[in-house]
Amino acid sequence: MNIALWICAGLLAVVLLTGGVGKLIVPREKMAAMRGAGWTADFSAGFLKVLGAIEVLGAVGLLLPAVTGIAPVLVPVAAVGVVVLMVGAMVTHLRRGEVMSAVGNLVYLALAAFVAWGRFGPESFIG
C-alpha cells in the first residue's frame, strides 16, 4: 500500500509540476494556441501564473514533507488541495464541452483522493 501511495503521489507531482511550470513560463497567447489548452484564453495571464504557482506548490507538498519527514501531515493536506483543484478543472472543461479533458482531471482527482486517504493518520508512512 505504501508503494502504491508513493507512486500515485509521484505521478501527481510530475503532472502538477509540468503543468505548473508551463503556466508560469509560457505566455498566455502561446498557451491558448496549444492543443487542449484553449481554456486558457478565458482567463487572465495573472490568473494563469497564480494557478501555475499553486500547481507547483501542490507538487512540492505531495512529496517533500514525506521525503524529509518534516511535517508529513502536509501530504494529505496537499492531496486534498489537489482534489479541489481538479474539481475546478473539471468544471472548467465541462463548461467548454471538453469531456475528455474532464475525464483526465477525474483520474487525477481519484489519485489525489487515494493519496489523501492513504496518508491520513499517524501510521500512514510505514509499510
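Val107 sits in helix H5. Its relative accessibility is 45%, so Val107 counts as partly exposed (buried is under 20% relative accessible area, exposed over 50%, partly exposed in between, with a 1.4 Å probe and protein chains only). Val107 and Met86 are 21 residues apart along the chain, and their C-alpha atoms are separated by 9.2 Å.

This is a predicted model, in which local features need pLDDT of at least 70 and side-chain atom pairs count only at pLDDT 80 or more, while totals for chains, interfaces and linings use all residues. Residues are numbered from 1 along each chain as its sequence is written, and side-chain values use heavy atoms, with hydrogens and water left out.

**Confidence**

- The mean pLDDT of the protein is 93 (pLDDT is the predictor's confidence in each residue, from 0 to 100).
- A pLDDT of 70 or more is reached by 95% of the residues.
- H4 has the highest confidence, at a mean of 97, and H2 the lowest, at 92.
- Where pLDDT is low, the predicted coordinates should not be read in detail.

**Overall build**

- The protein has five helices and zero strands (helices, H or I with at least four residues, and strands, E with at least two, are DSSP runs numbered from the N terminus).
- From the N terminus on, the order of elements is α-α-α-α-α.
- The C-alpha trace spans about 45 × 25 × 20 Å along its principal axes.
- A compact globule of 127 residues would have a radius of gyration near 14 Å, and the protein agrees with this at 15 Å (the radius is taken over C-alpha atoms, and the globule rule is 2.2 Å times the number of residues to the power 0.38).
- Of the 127 residues, 38% count as buried.
- About 7200 Å² is exposed, and carbon and sulfur atoms supply 75% of that area (Shrake-Rupley method, 1.4 Å probe).
- Among contacts between residues at least 6 apart in sequence, 64% join residues at least 24 apart (contact means heavy atoms within 4.5 Å).

**Helix H3**

- H3 covers residues 45–68, and its 24 residues should span 34 Å at 1.5 Å a residue (the expected span is 1.5 Å times one less than the number of residues).
- The end C-alpha atoms of H3 are 34 Å apart, which agrees.
- H3 has a kink of about 30 degrees at Gly61, shortly before the proline Pro65 (the bend is the angle between axes fitted to the seven residues ending at a residue and the seven starting there).
- Both Gly61 and Pro65 are among the buried residues of H3, which also include Leu48, Glu55 and Val56.
- The buried residues of H3 pack against H1 (2–25), H2 (28–32), H4 (74–95) and H5 (99–118).
- Gly69, just after H3, takes a positive phi of about 80 degrees.

**Helix H4**

- H4 has 22 residues and reaches 32 Å from its first C-alpha to its last, close to the 32 Å expected.
- Its buried residues include Val75, Pro76, Met86, Met90 and His93.
- H1, H3 and H5 are among the elements that cover the buried residues of H4.
- Gly97, just after H4, takes a positive phi of about 75 degrees.

**The N terminus**

- Met1 lies in the segment before H1.
- Met1 counts as exposed because its relative accessibility is 54%.
- Leaving aside residues up to four places away in sequence, Met1 touches Phe114 and Trp117.
- Met1 and Ser124 are 123 residues apart in sequence, and their C-alpha atoms are 9.6 Å apart in space.
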